[in-house]
Amino acid sequence: MHKYANPTFFMRIANAVFPYAAGISILCFAVGIPLALVFSPPDYQQGETVRIMYVHVPAAWMGSMVYGVMAVSSAVYLIWRHTIAHIIARASAPIGAMFTALCLVTGMLWGEPMWGTWWVWDARLTSMLILLFLYIGYIALGDSFEDQERGDKASAMLALVGSVNLPIIHFSVEWWNTLHQPAIRSFEGFSINAAMLWPLLLMVFAFQTYYVSVLIIRLRGELLSAKIRTARFNLAAAE
Amino acid sequence: MNGQKFPAAEFSGADLSCRRGGRTVFTGLSFRIVSGEVIVLRGPNGSGKTTLLRLMAGLARAVSGTLHWNDADIADDLCAHGARLGFAGHRDAVKSAQTVRENIAFWASLRGAAPTHVDQALNTFGIRHLSDIPARVLSAGQRHRVALARVAVSGAPLWLLDEPTNTLDDAALNALRDTLSAHLQRGGMIVMASHGDLFLPQARALDLRQTQPAAIAA
Amino acid sequence: MSGFSTILRRELTLSLRSQGDVMTVIAFFAIAAALFAFGVGPELNVQSRIASGVVWTTALLAALLSLERLFALDYEDGTLDQLMLSGTEPIAMVLAKTLAHWLTTGLALLIAAPVVALALQLPTQAYGALMMSLALGTPTLSLLGAVGAALILGAKRGGVLLSLLLLPLYIPILIFGAAAVEGATLGLSTSAPYAVLGGLLVAALTLCPWAAASALRHALE
């Protein structure tokens with residue numbers, strides 16, 4: 001455990017993983033996108049618009065999953081004080097926020113032809129919108145301190161507070177939704193067949209490996225900027 | 001304040017390192033203080049005097065090393081550790097909307113000290129005549145005396161004082177010296193940061209220049 | 001427990017001496033609610049329709065106002081250091097300060113709410129639910145707020161950041177608070193929203209003081 005917490009050792013593994021993750025991601029996208037957008041059958045109810053699902057659903061999953069990664073890493077950071085865990089959380093936040101935003105945009109694009117409006121306060125979309133706010137709050141808090149460590153700890157705690165609240169928020173939004181808007185059609189409303197499942201799974205896998213690849217690139221950047229910071233401190237101290 | 005003696009105790013730190021804002025301020029620092037002793041922390045700006053005092057108080061956390069009070073690690077019960085120390089930092093924690101007496105009485109009551117101790121402390125530091133005045137009209141030196149009076153009423157054996165002599169006039173300096181001597185006589189301990197003289201004849205200096213990362217590397 | 005009441009008494013004294021605090025919160029509440037009325041127009045049945053949501057939303061925003069200063073003043077003048085070292089459990093200290101915050105904002109809002117609701121044409125049968133839901137919901141706002149206020153100590157931008165952190169977390173309370181009032185307006189049962197608001201309050205009461213206390217420790221490090 002502590003061995004993996006050493007940033008140098010951790011990065012050696014991450015760098016070894018990187019070409020595979022990036023390669024698999026490119027491959028999955030190369031096969032998955034044509035399969036999803038051209039070769040998969042249209043839905044009998046939704047027609048061609050169902051193809052947005054191949055981006056929307058993986059993006060939604062990744063948006064939630066990355067927040068989970070952030071929460072777990074933040075807990076590891078706060079309990080065992082492994083800086084690398086926090087760096088993973090901080091590097092993940094913008095990626096997760098982007099997935100969440102992608103989910104919202106594709107949801108709106110899908111909503112226009114299906115619901116006749118760009119935005120419906122559907123329970124899932126609303127939950128994703130709140131998740132995006134949580135991401136933005138996390139990023140803003142981490143950047144708000146002169147003292148880097150203070151920002152690290154505060155944002156790590158916020159990630160934990162957010163992860164405790166997410167299920168409550170989701171539950172209340174769902175409850176609120178059924179109270180005010182009974183029966184609107186959403187993605188859950190159609191039965192998925194094998195011809196749709198395979199491209200979907202491929203896209204999910206492509207998104208996951210994409211996340212891992214971008215995370216590793218961002219980790220390199222974070223560690224380099226930490227090195228620069230230390231070097232500057234030493235310069236000021238030596239003077 | 002009262003004549004009662006503190007039970008003999010020992011406060012020690014071993015191999016302490018501390019980082020602040022991404023920079024190591026000191027490393028490999030050890031100290032030991034027993035009842036009736038006073039340590040004066042010496043060192044230039046940025047050598048970590050304030051950080052060390054906050055570390056001793058249990059407010060800051062060390063990267064490595066431990067602090068013990070009579071063989072018990074202070075990290076096991078920070079709340080109990082806080083109760084056995086009086087701390088006067090850079091910021092005086094005086095509320096402008098309250099009178100001088102209310103300010104001190106609040107802390108005395110949190111510590112369970114008798115109200116008579118409040119009057120005694122007000123007398124000692126020469127702020128008795130200000131006791132019913134809102135603290136917002138006090139000068140910096142007067143506020144500082146209120147902060148010192150708070151330490152005096154704490155009834156705690158360990159006093160941690162950050163530059164206690166700053167902003168004090170001669171009369172207040174004498175009062176402080178008398179109060180500190182009386183505290184040591186009762187079996188109290190004092191750790192104070194100062195870049196002036198040692199202030200008390202029995203003081204022992206702890207020079208933080210010895211524990212700078214650069215000094216150790218060289 | 002004596003530490004708790006000593007701190008509570010001092011907090012109340014301090015906030016009563018700077019009289020502005022309580023009045024500002026109530027004035028903000030009233031003005032924000034009036035803005036909604038100006039926004040939607042003077043039509044009485046439209047106002048009556050949105051009254052439950054407007055009263056709850058504006059009360060929630062008003063509760064945010066003074067939160068920024070819950071720990072910030074004590075952090076700046078060194079009082080927080082002293083409180084941590086006073087031998088009082090930090091959790092009891094957080095609870096005392098949060099209760100003082102609720103007494104000076106939540107309770108004040110509770111008293112002002114019927115007047116604001118009256119101006120917004122809230123139907124008569126909903127006033128009980130309004131008071132009950134605010135009584136159950138506003139303490140949770142203060143408790144969650146204490147965690148947020150502890151997290152932003154020492155941050156470069158205070159108030160806006162605090163709103164950004166807290167508002168998403170306040171959504172469930174708003175949903176169930178407003179739902180209780182609306183339910184009562186329509187003559188439905190309000191027990192479900194009450195149960196959830198009560199549950200959230202109990203959860204917040206157990207988790208938030210602990211989280212805020214540990215955030216304070218980190219802030220002082």
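This passage walks through a predicted model, starting with how its chains meet and moving on to the sheet of chain B and a few individual residues.

The contact between chain A and chain C comes up first. Here, 30 residues of chain A touch 31 residues of chain C. Putting the two chains together buries about 2,500 Å², and carbon and sulfur atoms give 75% of that area. On the chain A side, Arg150(A), Met157(A) and Trp175(A) supply 22% of the area that chain A buries against chain C, more than any other three residues. Charged pairs turn up here too: the count between chain A and chain C is two salt bridges. One of these joins Arg81(A) to Glu221(C), with the closest N and O atoms 3.7 Å apart.

The contact between chain A and chain B is next. Five residues from chain A and five residues from chain B take part. The area buried between these two chains is about 460 Å², with carbon and sulfur atoms giving 47% of it. In chain A, the residues that lose the most area to chain B are Arg81(A), Glu149(A) and Phe233(A), which together account for 69% of what that side buries. As for salt bridges, the rule finds zero of them across the interface of chain A and chain B.

Arg81(A) has now come up twice: it forms a salt bridge with Glu221(C), and it is listed among the residues of chain A that lose the most area to chain B. Where does Arg81(A) sit in chain A? It is found in the loop between helix 3 (53–80) and helix 4 (83–115). Its backbone stands out as well, since Arg81(A) has a positive phi of about 60 degrees although it is not a glycine. With a relative accessibility of 32%, Arg81(A) counts as partly exposed.

Elsewhere in chain A there is a nonpolar surface patch of about 410 Å², made by Ile33(A), Leu37(A), Val38(A) and Phe39(A). Ile33(A) belongs to helix 2 (residues 7–39) of chain A. Is Ile33(A) buried or partly exposed? Its relative accessibility is 37%, so Ile33(A) counts as partly exposed.

Chain B brings in a sheet. Four of its strands form an open sheet in the order 2-1-4-5, and the pairing is antiparallel. Strand 2 (23–34) and strand 5 (72–73) of chain B stand at the edges, each with a single partner strand, so one side of each is left without a neighbour in the sheet.

Going along the sheet in that order, strand 1 (residues 10–20) and strand 2 of chain B run antiparallel and are joined by eight bridges. Within this pairing, Arg20(B) has Arg23(B) in strand 2 as its bridge partner. The two strands form a hairpin with two residues between them, and Gly21(B) in the turn has a positive phi of about 50 degrees. Strand 1 of chain B also pairs with strand 4 of chain B, again in the antiparallel sense, this time over five bridges. One spot to look at in this pairing is Gly13(B), which stands opposite Leu67(B) in strand 4 of chain B.

At the other end of the order, two bridges join strand 4 (residues 64–69) of chain B to strand 5 of chain B, and the two run antiparallel. Which residues face each other here? Trp69(B) stands opposite Ala72(B) in strand 5, while the bridge partner of His68(B) in strand 5 is Asp73(B). Strand 4 and strand 5 of chain B form a hairpin with two residues between them, and Asn70(B) in the turn has a positive phi of about 50 degrees.

One more residue of chain B is worth a look. Ala93(B) lies in the loop between strand 6 (85–88) and helix 3 (100–110) of chain B. Its phi is near 55 degrees, a positive value in a residue other than glycine. At 0% relative accessibility, Ala93(B) counts as buried.

Technical notes: Residues numbered from 1 in each chain as written. Chains lettered and ligands numbered in written order. Predicted model: local features only at pLDDT ≥ 70, side-chain atom pairs only at ≥ 80, totals over all residues. Heavy atoms only, no water. Patch = residues over 30% accessible without salt bridge, like charges linked within 9 Å, V, L, I, M, F, W, Y side chains within 5 Å. Areas by Shrake-Rupley, 256 points an atom, 1.4 Å probe, with all protein chains shown as cover. Salt bridge = Lys/Arg side-chain N within 4 Å of Asp/Glu carboxyl O. Buried < 20%, exposed > 50% of the residue type's maximum accessible area, 1.4 Å probe, protein only. Pairing = 2+ DSSP bridges. Contact = heavy atoms within 4.5 Å. Buried area = accessible area lost by both parts, 1.4 Å probe.
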